[in-house]
Structures are given as structure tokens and as C-alpha cells.
Amino acid sequence: MTIKPMMGPFEHGRVRLVPLEREHLAMTLAWRNQPRVRNSLVTSRYISRNEHMSWFEDYLLRPNDYTFVVEETDVFKRPVGQVAIYDVDVGRSIAEFGRLMIGDPCALGLGVGRAAAEAGVAFSDQVLRLNILRLRVFDTNLPAVRIYEKLEFKRMGRLDQKGLILMERDKFP
């Protein structure tokens with residue numbers, strides 16, 4: 001049995017990334033199940049409490065998966081969302097970026113999503129020392145696509161007929 005390495009919070013700009021803990025689960029489940037959030041995810045169906053708990057137990061055993069609660073530190077000074085770096089392959093210096101959501105409706109439209117994405121990228125650069133980040137996003141999720149493009153993610157191609165696209169950020173193109 002492999003256990004996830006422990007680490008403290010990671011601060012970048014106006015957000016703090018706090019490793020996901022059991023006490024965050026009710027909040028992150030409520031965020032994730034909002035129709036606005038669910039509809040932007042690859043798995044868009046409603047998730048039950050038991051499914052979320054089961055996912056979390058599996059998550060704890062994956063040393064290559066880092067999911068964070070995003071705390072906004074300037075205005076709200078509280079948790080407002082989530083972001084993750086997962087499927088980390090240190091040998092190939094690559095990972096998947098995702099699970100980004102701003103669950104607190106008060107934080108929408110204020111740049112918190114971009115700040116959270118920037119912090120996730122900074123974590124992958126500074127802590128994990130990764131060269132390549134990949135993500136999947138629906139081409140209709142224009143705010144997210146714009147954020148990713150500003151963070152130097154490039155469109156690599158279409159993954160399906162539902163509009164899911166692959167984007168990639170390579171520090172050394």
C-alpha cells in the first residue's frame with residue numbers, strides 16, 4: 001500500500017493551495033455538484049456522498065495525485081475552489097492539470113480562477129519540477145480556455161465529438 005507524501009500549503013499570488021483533507025469533502029462535494037460546475041466537467045453526473053468518500057480513499061493511496069482546496073487570501077480569506085495536478089510521471093516530467101473549479105459563487109468573475117490556475121502551474125514548476133502539463137477542457141468553456149491560453153497552454157487537438165480538447169503547456173517547446 002502506497003501512501004501520499006505529506007506536504008504543507010503552497011502560496012502563490014492571492015491564493016493558497018491547501019492539500020485536500022477529509023474535512024474539506026462536504027464543501028468540495030457541494031461545489032462539484034452545482035450544475036454550473038458539473039456541466040463543465042468530463043464526468044458531469046451528480047456524485048453521491050458515498051462516491052465522493054470512496055474517491056477520496058482511493059486518492060489518498062495515489063502518490064502521483066495532488067488535489068488542493070483553493071483559499072483566496074486577499075478579499076474572501078476562505079476556501080473558494082479546487083485544483084489538481086494528477087497522473088504525475090516524474091520520470092517523464094509530465095502530469096495532468098485539472099479538477100479546477102471555483103465553487104463559491106461570490107468568487108466568480110473576479111480572477112480567482114486564473115489565480116488558482118496560475119498557482120497550480122507554479123506548484124507543478126516549483127515543487128514537482130515538471131516540464132509538461134496536459135489538460136482536457138470543453139471548447140465551449142471559453143473562460144477556462146482563455147485562462148489556459150494565457151498560461152501558455154496550446155491546443156493540441158480535439159478528443160471527441162462533444163467538444164473536448166487537449167491542451168498542453170511545455171516549458172521547453
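This is a guided tour of the cores, aromatic rings and salt bridges of a predicted model.

**The largest core.** Begin by selecting Ile85, Phe97, Tyr148 and Phe153, which, of the 37 residues in the largest nonpolar core, touch the most other members. To see where this core draws its residues from, colour the elements that give two or more residues to it, namely strand E2 (15-19), strand E3 (66-72), E4, E5, H4, strand E6 (132-138), helix H5 (142-150) and strand E8 (164-170). Among these, H4 deserves its own colour, since with eight residues H4 gives the most to this core.

Now centre the view on Phe153 and display its surroundings. If neighbours within four places in sequence are set aside, Phe153 is in contact with Phe97, Val121, Leu133, Leu135, Tyr148, Met167, Glu168 and Arg169. Two of the residues in that list, Phe97 and Tyr148, are already on the screen from the selection that opened the tour.

**The other core and a stacked pair.** Apart from the largest core lies another one, of nine residues, and a selection of Leu25, Trp31, Phe56 and Tyr59 will show some of its members.

Keep Tyr59 selected and add Trp55, for these two residues form one of the aromatic pairs of the model; the pair is stacked, with 5.2 Å from centre to centre and 10° between the planes. Why are Trp55 and Tyr59 separated by about one helical turn? Both belong to helix H3 (residues 49-60) and they are four residues apart there, so that about one helical turn lies between them. The two partners can also be compared by accessibility: Tyr59 is buried, with a relative accessible area of 2%, whereas Trp55, at 25%, counts as partly exposed.

**Further rings.** The stacked pair belongs to a wider set, as a search of the whole structure finds eight aromatic pairs. Select next Phe10, Tyr66, Phe68 and Phe123, which ring pairs link into a cluster. Then move to Tyr86 and show Arg99 beside this ring: the charged end of Arg99 sits over the ring of Tyr86, at 4.1 Å from its centre.

**Salt bridges.** The last part of the tour turns to charged side chains, and the structure holds 15 salt bridges in total. Select Asp104 and Arg78, which form a salt bridge whose closest N and O atoms are 2.7 Å apart. This pair links distant parts of the chain, since Asp104 is in the loop between strand E5 (94-102) and helix H4 (112-126), while Arg78 is in strand E4 (residues 78-89), 26 residues apart. Which of the two classes, buried or partly exposed, does Asp104 fall into? With a relative accessibility of 10%, Asp104 counts as buried, because the limit for that class is under 20%; its partner Arg78, at 33%, counts as partly exposed.

Continue to Asp89 and Arg92, another salt bridge, in which the closest N and O atoms are 3.7 Å apart. Here Asp89 is partly exposed, with a relative accessible area of 28%, and Arg92 is exposed, with 57%.

Finish at Arg16 and Glu11, whose side chains meet in a salt bridge of 3.0 Å, N to O. Arg16 is partly exposed, with a relative accessible area of 24%, whereas Glu11 is exposed, with 52%. Adding Glu71 to the selection completes the last view, as Glu11, Arg16 and Glu71 are linked in a network of salt bridges.

Definitions and conventions:
Residues numbered from 1 in each chain as written. Predicted model: local features only at pLDDT ≥ 70, side-chain atom pairs only at ≥ 80, totals over all residues. Heavy atoms only, no water. Salt bridge = Lys/Arg side-chain N within 4 Å of Asp/Glu carboxyl O. Buried < 20%, exposed > 50% of the residue type's maximum accessible area, 1.4 Å probe, protein only. Core = buried A, V, L, I, M, F, W, Y, C linked by side-chain atoms within 4.5 Å. Contact = heavy atoms within 4.5 Å. Phe/Tyr/Trp six-rings, centres within 6.5 Å; stacked < 30°, edge-to-face > 60°. Lys NZ or Arg CZ within 6 Å of the ring centre and 35° of its normal.
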